[in-house]
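Visitor: Put the model up, please. I have a few questions to get through.

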Amino acid sequence: MAIFRAETKHISRSKGQNVVAAAAYRAGEKLTDTNKLNPSATTHDYTKKHGVLAKSIILPSELYDQGFSINRQELWSSVEEHETTTRSVKGSRLKQTARLAREWLLSLPSELSDDENEQLTADFTQKLANDLGVIGDYCIHKPTAANYKPKADYIESYDFDTQKPELTRVNDVNASEPDNRNIHAHIMFTTRKAKLTADGELLLGDKADSERSEKWRKDNGMVNGGDYIKEVRGMWADMVNKRLAQHDIAPISHK
């Protein structure tokens with residue numbers, strides 16, 4: 001039976017996190033933080049990571065229509081470099097409380113094919129990218145013989161405090177081989193709206209509506225942040241259930 005999971009959190013400097021490192025880990029790539037204002041900027045190499053089934057950058061349709069493209073290195077380096085402040089007698093410096101990305105963690109139905117699960121993930125990412133005017137980056141993880149942990153299902157995340165992978169137990173199982181029920185997607189979204197300059201360069205501008213204060217949301221006739229999260233979770237459940245119904249599989253619920 002398909003399992004519902006849709007959780008969200010921020011990748012934030014206040015937690016000691018680096019969005020280039022986060023993107024490299026999720027994608028299983030080698031990426032470099034090029035922010036000259038970051039004294040700890042370095043290269044993050046996760047090319048030995050196993051189990052990355054699929055990954056892609058998703059732009060708002062408006063940017064697609066203008067012929068824009070960007071790779072993972074360029075995107076997240078731009079985010080790190082953008083989140084600085086000049087309100088200091090010492091000149092520009094890092095915004096220590098900057099929210100660098102919003103991440104959604106989704107469980108994907110093991111009853112669906114890999115292609116169907118990637119399409120589901122891409123559709124969800126595109127929907128939020130269009131609604132919020134932000135750029136999304138999804139990475140789908142699936143157990144392999146190399147990273148399998150026996151006798152349990154796990155969802156893997158990265159602990160920035162210990163700088164090590166962290167495994168969260170989903171449920172106990174008795175198995176002696178990789179369990180494909182653990183397929184899941186990490187989707188990182190920019191917290192600022194993406195626009196293009198007159199020269200066709202990426203401009204990260206105003207905060208996305210999802211990142212605004214409760215007062216701003218109320219003043220602009222929007223639901224509060226908690227209700228917005230519930231709406232997104234419900235949207236994901238509806239998208240999954242449409243796919244499951246095509247295979248006569250029982251629906252999931254976000255409630």
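**Helix α4 and its surroundings**

Guide: Start with α4: its 19 residues should span 27 Å at 1.5 Å a residue, and its end C-alpha atoms are 27 Å apart, so the two values agree. The expected span is 1.5 Å times one less than the number of residues. Helices (H or I, at least four residues) and strands (E, at least two) are DSSP runs numbered from the N terminus.

Visitor: Before I get attached to it, what sort of model is this?

Guide: A predicted one: local features need pLDDT of at least 70 and side-chain atom pairs pLDDT 80 or more, while totals for chains, interfaces and linings use all residues. Residues are numbered from 1 along each chain as its sequence is written, and side-chain values use heavy atoms, with hydrogens and water left out.

Visitor: Fine. Which residues of α4 are buried?

Guide: In the N-terminal part of the list come E116, N117, L120, T121 and A122, followed by F124, T125, Q126, L128, A129 and L132. Buried means under 20% relative accessible area, exposed over 50%, and partly exposed in between (1.4 Å probe, protein chains only).

Visitor: What follows α4?

Guide: G133 follows α4, and its phi is positive, near 70 degrees. V134 is in the loop between α4 and β8, and I135 is in that loop too.

Visitor: Are V134 and I135 buried or exposed?

Guide: I135 counts as buried because its relative accessible area is 0%. V134 is buried as well, at 1%.

Visitor: What do they come up against?

Guide: I can give you C-alpha separations. I135 and T190 are 55 residues apart along the chain, with 5.6 Å between their C-alpha atoms. V134 and K207 are 73 residues apart in sequence, and their C-alpha atoms are 9.3 Å apart.

Visitor: Change of topic: the core. How many residues are in the largest nonpolar one?

Guide: It has 32 residues. A nonpolar core here is a set of buried Ala, Val, Leu, Ile, Met, Phe, Trp, Tyr and Cys residues joined through side-chain atoms within 4.5 Å. The residues with the most contacts inside it are W104, L106, F124, L128 and W236.

Visitor: Which elements give two or more residues to it?

Guide: They are β4 (52-58), β7, α4, β8 (136-141), β11 and α6 (225-245). Of these, α6 gives the largest share, 8 residues.

Visitor: And where is there empty space? How many cavities does the search find?

Guide: It finds 3 cavities of 30 Å³ or more in the whole structure. A cavity is a set of points on a 1 Å grid over the protein atoms alone where a 1.4 Å probe fits but cannot get out; lining residues have an atom within 4 Å of a point. Points are joined across faces, edges and corners, and the volume is the space filled by probe spheres set on them.

Visitor: Take the second largest. What is its volume, and which residues line it?

Guide: Its volume is about 50 Å³. The lining consists of R102, W104, L128, L132, F189, T190, T191, A208, S210, E211 and Y228. At least two of the lining residues come from each of β7 (99-107), α4 (114-132) and β11 (184-190). W104 and L128 in that lining are also among the residues with the most contacts in the largest nonpolar core.

Visitor: Back to β4. Where does K55 sit?

Guide: K55 is in strand β4. It is partly exposed, as its relative accessible area is 34%. K55 and I140 are 85 residues apart in sequence, with 6.2 Å from C-alpha to C-alpha.

Visitor: Now the ends of the chain. Which residue is I3 paired with across the sequence?

Guide: H254: the two are 251 residues apart in sequence and 9.8 Å apart in space, C-alpha to C-alpha. I3 lies in the segment before β1 (6-12). It is partly exposed, at 46% relative accessible area.

Visitor: And after α6, what about D248?

Guide: D248 is in the segment after α6. Its phi is near 55 degrees, a positive value in a residue other than glycine. Most residues other than glycine have a negative phi. D248 is exposed, since its relative accessible area is 75%.

Visitor: Last one: which residues of α3 are buried?

Guide: In α3 (residues 72-82) they are R72, L75, W76, S77, V79 and E80. E83 lies in the loop between α3 and β5 (84-85), and it also counts as buried, at 4% relative accessibility.

Technical notes. On a 1 Å grid over the protein atoms alone, a cavity is a set of points where a 1.4 Å probe fits but cannot get out, and a pocket is an open set with protein on both sides within 12 Å along at least five of seven lines; lining residues have an atom within 4 Å of a point.
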